[in-house]
Amino acid sequence: MWLLKNPFSKNKNAEDPSSAPKKTTKAKPYEHYRSIAEFPDEIVYKKRKPKVMAIIDEDSCTGCQVCVPFCPVDCIESVPHEKYNIVIPPVQVRYNECIGCSICARVCTKLTWDAIRMVPLEEFEEGFPEVEITNTFTPEVQEAAD
Ligand code: SF4
Ligand code: SF4
């Protein structure tokens with residue numbers, strides 16, 4: 001096939017595309033776990049209302065509890081056994097303690113299932129009018145029983 005030769009080409013063999021120097025690009029390795037936080041060093045508590053709220057789909061949750069130690073405010077717990085009467089119940093969020101960090105949702109999606117949705121707080125409050133979300137949350141200090 002006849003090809004026009006580019007007079008400005010630095011490649012002396014421009015008429016033969018296969019002889020052009022090949023560009024080498026290094027593919028970055030895909031880091032599957034990049035968006036997953038480390039375990040929290042210490043438990044913190046809510047200082048302001050969150051913008052989003054974690055809602056666990058109890059029908060999808062396997063109850064594996066992988067998300068539990070990642071929560072920086074430690075507000076994920078098992079649903080009481082009586083609710084479903086199954087060996088491994090799903091988990092639930094104590095909503096008023098959630099700070100909306102989304103860590104649990106990323107952990108669940110990346111490491112296990114995909115059972116957590118982050119929803120805007122206004123949407124949450126419309127759907128769960130019986131749940132009061134306060135501006136702050138600090139647990140009451142439990143006095144040791146004598
Ligand atoms: S990681 Fe996902 S599936 Fe496992 S307990 Fe948490 S919400 Fe449920
Ligand atoms: S969004 Fe953050 S604070 Fe709320 S339950 Fe998930 S990990 Fe805990």
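In these exercises a residue is called buried if 20 or more other C-beta atoms lie within 10 Å of its own, exposed if 12 or fewer, and partly exposed in between. The structure is a predicted model.

**Exercise 1. The second helix**

Task: Determine which residues of helix H2 are buried, and where they lie around the axis of the helix.

Solution: Begin with the extent of the helix, since H2 covers residues 103–111, and within that stretch Ile-103, Cys-104, Val-107 and Cys-108 are buried. Viewed down the axis of H2, these buried residues fall within an arc of 130°, so they line one face of the helix. Next look for what covers them: the covering elements include strand S1 (52–56), strand S2 (76–78) and strand S4 (116–120).

**Exercise 2. Strand S1 and its partner**

Task: Work out how far S1 is enclosed, and in which sense S1 and S4 pair.

Solution: Four of the five residues of S1 are buried, so this strand is largely enclosed by the rest of the structure. The pairing of S1 with S4 is antiparallel and runs over five bridges. To find the register, take Met-53, which stands opposite Val-119 in S4.

**Exercise 3. The chain as a whole**

Task: Describe the order of helices and strands along the chain, and state what share of the residues is buried.

Solution: Counting the elements gives three helices and four strands, and reading them along the sequence gives the pattern β-β-α-β-α-β-α. Of the 146 residues in the chain, 14% are buried. Among contacts with a separation of 6 or more, 74% join residues that are 24 or more positions apart.

**Exercise 4. The nonpolar core**

Task: Identify the residues that touch the most other members of the largest nonpolar core, and then follow the contacts of Cys-67.

Solution: The largest nonpolar core has 20 residues, and those touching the most other members are Ala-54, Ile-56, Cys-67, Cys-71 and Cys-104. Both S1 and H2 contribute to this core, each with at least two residues. For Cys-67, once neighbours within four places in sequence are left aside, the contacts are Ile-76, Val-91, Cys-104, Val-107 and Cys-108; of these, Cys-104, Val-107 and Cys-108 are among the buried residues of H2.

**Exercise 5. The surroundings of the two ligands**

Task: List the residues that come nearest to each ligand, and sort each shell by class.

Solution: Start with ligand 1, which has 15 residues around it, the nearest being Cys-61, Cys-64, Cys-67, Cys-108 and Trp-113. Sorting this shell gives eleven nonpolar, four polar and no charged residues. Around ligand 2 there are 13 residues, and Ala-54, Cys-71, Cys-98, Cys-101 and Cys-104 come nearest. Its shell divides into eleven nonpolar, two polar and no charged residues. Comparing these lists with the core of Exercise 4, Cys-67 is named in the core and beside ligand 1, whereas Ala-54, Cys-71 and Cys-104 are named in the core and beside ligand 2.

**Exercise 6. Two loop residues with positive phi**

Task: Place Asp-74 and Asn-85 in their loops, and decide whether each is buried, partly exposed or exposed.

Solution: Most residues other than glycine have a negative phi. Asp-74 is not a glycine, yet has a positive phi of about 55°, and its place is in the loop between S1 and S2. Because Asp-74 has 16 C-beta neighbours inside 10 Å, it counts as partly exposed. Across the fold, the C-alpha atoms of Asp-74 and Pro-40 are 9.4 Å apart, although 34 residues separate them in sequence. Asn-85, also not a glycine, has a positive phi of about 55° and lies in the loop between helix H1 (81–84) and strand S3 (91–93). With 7 C-beta neighbours inside 10 Å, Asn-85 counts as exposed.

**Exercise 7. The loop between H2 and S4**

Task: Decide whether Thr-112 and Ala-115 are buried, partly exposed or exposed, and find what they touch.

Solution: Thr-112 lies in the loop between H2 and S4, as does Ala-115. Thr-112 has 15 C-beta neighbours inside 10 Å and therefore counts as partly exposed, while Ala-115 has 22 and therefore counts as buried. Leaving out residues up to four places away in sequence, Thr-112 touches Thr-62, Cys-64 and Val-66, and Ala-115 touches Ile-56, Asp-57, Ser-60, Cys-61 and Cys-108.

Notes:
Residues numbered from 1 in each chain as written. Chains lettered and ligands numbered in written order. Predicted model: local features only at pLDDT ≥ 70, side-chain atom pairs only at ≥ 80, totals over all residues. Near = placed C-beta within 6 Å. Nonpolar A, V, L, I, M, F, W, Y, C, P; charged D, E, K, R; others polar. Arc of directions from axis to C-beta. Contact = placed C-beta atoms within 7 Å. Pairing = 2+ DSSP bridges. Core = buried A, V, L, I, M, F, W, Y, C linked by C-beta atoms within 7 Å.
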